[in-house]
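Let's walk through this protein together, starting inside and working outwards. Keep the viewer open as you read.

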Amino acid sequence: INLGTETYKGSLKQYLQIIKSINESHGSEWKDLGNIQTKAGNANLSQVDTKTEWGDVRMMHVILIRDDQVYILTAAALKEEFPKFYKDFFNAMRSIRFTKSDSV
């Protein structure tokens, strides 16, 4: 599980289109799984299947934008092993939240 951030001035819908294009240009299969309710609020859940030197990998991303900052929480595992981690990954994804200091 990894958290990434970047500055972005645009909508979540626009950002998802960028992510989709990037993944497709790398030959990865990207799927928008819809909205997910997190402790930080409503976010987007997406899935990427990609080939790596270790084998086929499945990633799930929770993406949300707050104050011109994109937060991307990613959980990844080999595709064949992903189902055994799904419950823990999903719970971790839903747990993302902001503290009073406005950090994740």
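A good place to begin is Leu64, which touches Thr38, Ala40, Asn42, Ala43, Gln69, Val70, Tyr71, Ile96 and Phe98, leaving out residues up to four places away in sequence; contact here means heavy atoms within 4.5 Å. Before going further, note that this is a predicted model, in which local features need pLDDT of at least 70 and side-chain atom pairs count only at pLDDT 80 or more, while totals for chains, interfaces and linings use all residues. Residues are numbered from 1 along each chain as its sequence is written, and side-chain values use heavy atoms, with hydrogens and water left out.

Leu64 belongs to the largest nonpolar core, which has 15 residues; Ile36, Val62, Leu64 and Met93 touch the most other members. A nonpolar core is a set of buried Ala, Val, Leu, Ile, Met, Phe, Trp, Tyr and Cys residues joined through side-chain atoms within 4.5 Å. Buried means under 20% relative accessible area, exposed means over 50%, and partly exposed is in between, using a 1.4 Å probe and protein chains only. At least two residues of this core come from each of E3, E4, E5 and H2, and E5 gives the largest share, 4 residues. Those labels are DSSP runs numbered from the N terminus: helices (H or I) have at least four residues and strands (E) at least two. Apart from this core lies another, of 9 residues, among them Trp30, Ile63, Val70 and Ile72.

Now for the sheet. In general, strands of a sheet pair through backbone hydrogen bonds, either parallel or antiparallel. Here 5 strands form an open sheet in the order E1-E5-E4-E3-E2, with antiparallel pairing; two strands count as paired if DSSP finds at least two bridges between them. E1 and strand E2 (29–38) stand at the edges with a single partner strand each, so one side of each is left without a neighbour in the sheet. From one strand to the next, the twist averages 25 degrees. Axes are lines fitted to C-alpha atoms, for helices over the stretch in contact, and angles run from 0 to 180 degrees between N-to-C directions.

At one edge, E1 and E5 pair in the antiparallel sense over 6 bridges, and Asn2 has Thr74 in E5 as its bridge partner. Helix H2 (residues 82–94) packs on the sheet, touching E2, E3, E4 and E5, and its direction makes about 160 degrees with that of E5. At the other edge, 9 bridges join E2 to E3, which run antiparallel, and a hairpin links E2 to E3 through 2 residues. Within this pairing, Glu29 stands opposite Asp49 in E3.

Which residues does Asn44 contact, leaving aside its neighbours within four places in sequence? Asn44, in strand E3 (residues 41–52), is in contact with Leu12, Leu16, Asp32, Gly34, Ile36, His61, Val62 and Ile63. Asn44 counts as buried, at 3% relative accessibility. Its side chain makes a polar contact of 2.9 Å with that of Asp32, and a polar atom of the Asn44 side chain lies 3.4 Å from the backbone oxygen of Gly34. A polar contact is a pair of N or O atoms within 3.5 Å; within protein, one must be able to donate a hydrogen and the other to accept it, and residues adjacent in sequence count only if both atoms are side-chain atoms.

Let's finish with charges. Side chains of opposite charge can pair when their charged atoms come close. A salt bridge is a side-chain nitrogen of Lys or Arg within 4 Å of a carboxyl oxygen of Asp or Glu, and by this rule the count comes to 6 salt bridges. One of them joins Asp68 and Lys9, with the closest N and O atoms 3.4 Å apart. Asp68 lies in the loop between strand E4 (55–66) and strand E5 (69–78), and Lys9 in the loop between strand E1 (2–7) and helix H1 (12–25), so the pair ties together parts that are 59 residues apart in sequence. Asp68 is partly exposed at 37%, whereas Lys9 is exposed at 68%.

Arg58 and Asp49 form another salt bridge, with the closest N and O atoms 2.7 Å apart. Arg58 is buried, with a relative accessible area of 19%, and Asp49 is buried at 11%. In the bridge between Asp56 and Lys51 the closest N and O atoms are 3.2 Å apart. Salt bridges that share partners also join Asp49, Arg58 and Lys79 into one network.
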